[in-house]
Amino acid sequence: MDQTLWYKDAVFYQIYVRAFYDSNGDGHGDLNGITQKLDYLQDLGVDCLWLMPIYPSPLKDDGYDIADYYNIDRTFGTLEDFKALIKAAHQRNIRIIMDLVLNHTSDQHPWFQASRSDRNSPYRDYYVWSDTDQKYKDARIIFVDTEPSNWTWDEKAGQYFWHRFYASQPDLNYDNPKVQNEMLNVAHFWLALGIDGFRADAVPYLFEREGTNCENLPETHAYLKKLRAFMHQNYPGRILLCEANQSPEDVRPYFGDGDEFHMGFHFPIMPRIYMALKKGRADDMIEILRRTPPIPENCQWCTFLRNHDELTLEMVTPEERQWMWEQYAPEPRMKLNWGIRRRLAPLLDNERRKIELANSLLFTLPGSPIIYYGDEIGMGDNIDLPDRNGVRTPMQWNDSPNGGFSTGKPYTASVEGDLGYKHINVANQIATPGSMFHATRQMVTIRKQHPAFASSSMEWVEVDNPSVAAYRRQYEGETLLIFNNLSSSDSMIHLPEQYQGTYFDLLTGKLETLRESLTLQPYSYLWLQEQK
């Protein structure tokens with residue numbers, strides 16, 4: 001495969017830097033801490049790290065409220081530390097992408113402070129100001145639990161400013177060419193340091209137009225193509241990953257003609273994996289993937305089971321959302337906004353077979369998978385912590401105090417109980433053959449050995465049993481057949497004649513002969529390679 005298309009068969013690993021590893025005992029994870037843990041990440045087999053925001057920030061939104069685009073918050077280290085991390089990662093063939101927050105800044109950013117202080121300031125037009133809060137009324141409010149409006153009155157400015165997220169995050173004004181160029185400069189600054197691309201945050205909202213919902217506008221796509229062209233010309237082989245929590249049909253335009261985003265998160269498949277596991281049926285996954293339009297050959301979906309936010313239910317129907325809350329968030333405090341604030345292991349009842357089955361789907365469905373830090377060991381959450389903090393707790397390295405995360409006082413509480421560091425930790429799992437870590441590592445290793453997993457080719461196999469998600473993946477003469485039994489009981493399937501024959505079991509290393517019928521054990525999965 002073309003090396004500039006490295007992302008098509010990459011396994012990504014998402015790191016909340018503050019929570020990963022504290023190298024200096026101040027209670028906060030840092031860049032040097034990641035550098036010290038690169039051997040672990042190399043052993044797991046991941047190809048690219050996605051680092052959540054490391055910019056200076058007042059932390060009203062965990063760093064997505066940026067106060068300086070051209071620096072690193074001293075909690076995490078220095079630009080020199082970052083360069084050292086990039087160099088050490090690249091020596092291990094691990095790439096690094098970081099968050100690029102295009103839509104908004106912190107209200108503490110000097111641009112905004114200048115903007116609100118003086119109507120004649122050159123920065124006044126960096127943001128969206130209005131004498132009325134009645135403009136753009138068709139735009140939805142995203143943080144429904146906390147924000148009554150997308151407009152907030154600023155006493156100093158004597159006007160309202162526009163924000164799609166928290167009121168502490170004023171939106172930038174992309175109708176101003178200076179803003180557009182400024183953000184290209186930001187991208188250039190970090191790419192020149194050696195990073196391998198960006199996960200671009202909240203991209204549907206860059207422009208506002210009356211009479212629209214202010215999402216996915218043509219002007220937004222035009223600017224994103226400009227950003228892509230800049231990167232392609234100056235930094236070929238670096239990527240843009242699109243965060244647009246939209247239907248597959250609405251995300252498709254973000255790939256353009258292969259000239260906008262290289263990658264896009266497939267948000268809608270994620271809740272349907274959980275729906276399938278709870279219902280013991282594959283039809284919700286089948287329906288959404290059949291609805292997913294083809295994408296250009298140089299593009300790739302990004303799939304995930306969990307991340308740093310709530311398990312979002314924006315892309316399901318109101319009835320499905322209610323059902324998911326009933327099934328997966330029995331306590332009201334488990335809910336947040338339009339989602340559920342739990343981690344992978346507790347969501348799946350800490351049941352090993354279910355967690356592995358979810359991972360089987362993650363690693364074999366179309367798209368490049370992202371592992372959220374700690375999910376490879378089945379780490380828990382702490383829902384006593386507010387908001388999204390419950391799924392952003394310190395990484396559990398060993399069973400020593402603070403889970404080996406820090407010699408100081410950690411910035412937040414750890415996970416308690418059966419899924420806390422005394423029971424679930426990296427050291428214990430590496431030392432235990434057959435642990436969750438080793439199972440995840442095996443899946444990562446096998447996935448990377450078979451280019452068919454990275455291809456866009458996939459067809460569902462009809463097996464006369466709604467409990468089994470069966471599909472074929474093909475690429476350059478290799479054919480893989482995948483079976484996932486979503487049921488808590490044995491499931492018998494009937495194979496069409498064209499799928500019968502001899503297969504190599506990628507997970508056990510044994511040859512298997514498939515005949516007309518096959519019985520799968522509860523929550524089991526098979527990854528089979530057709531033998532010619």
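Tyr136 counts as buried, with a relative accessibility of 12%, which puts it below the 20% cut-off for that class. Keep in mind that we're looking at a predicted model here. You'll find Tyr136 in the loop that runs between β4 (129-130) and β5 (151-154). Its backbone is worth a glance too: phi sits near 55 degrees, a positive value in a residue that isn't glycine.

Now hop over to Asp464, which also has a positive phi without being a glycine, this time near 60 degrees. Is Asp464 buried or exposed? Asp464 is exposed, because its relative accessible area is 55% and the exposed class starts over 50%. This residue belongs to the loop between β15 and β16 (468-475).

That loop is a handy way into the sheet. β15 and β16 are among six strands that make up an open sheet, and if you walk across it you meet β15, β16, β17, β22, β19 and β20 in that order, with antiparallel pairing. At the edges stand β15 (458-460) and β20 (511-514); each has a single partner strand, so one side of each has no neighbour in the sheet. On average, neighbouring strands here are turned by 30 degrees against each other, if you ignore direction.

Let's zoom in on one pair within the sheet. Strand β17 covers residues 478-485 and strand β22 covers residues 525-530, and the two pair in the antiparallel sense over five bridges. Which residue in β22 is the bridge partner of Asn484? That would be Tyr525.

Conventions. Residues numbered from 1 in each chain as written. Predicted model: local features only at pLDDT ≥ 70, side-chain atom pairs only at ≥ 80, totals over all residues. Heavy atoms only, no water. Pairing = 2+ DSSP bridges. Helix = DSSP H or I, 4+ residues; strand = E, 2+ residues; numbered from the N terminus. Axes fitted to C-alpha atoms, helices over the stretch in contact; angles between N-to-C directions. Buried < 20%, exposed > 50% of the residue type's maximum accessible area, 1.4 Å probe, protein only.
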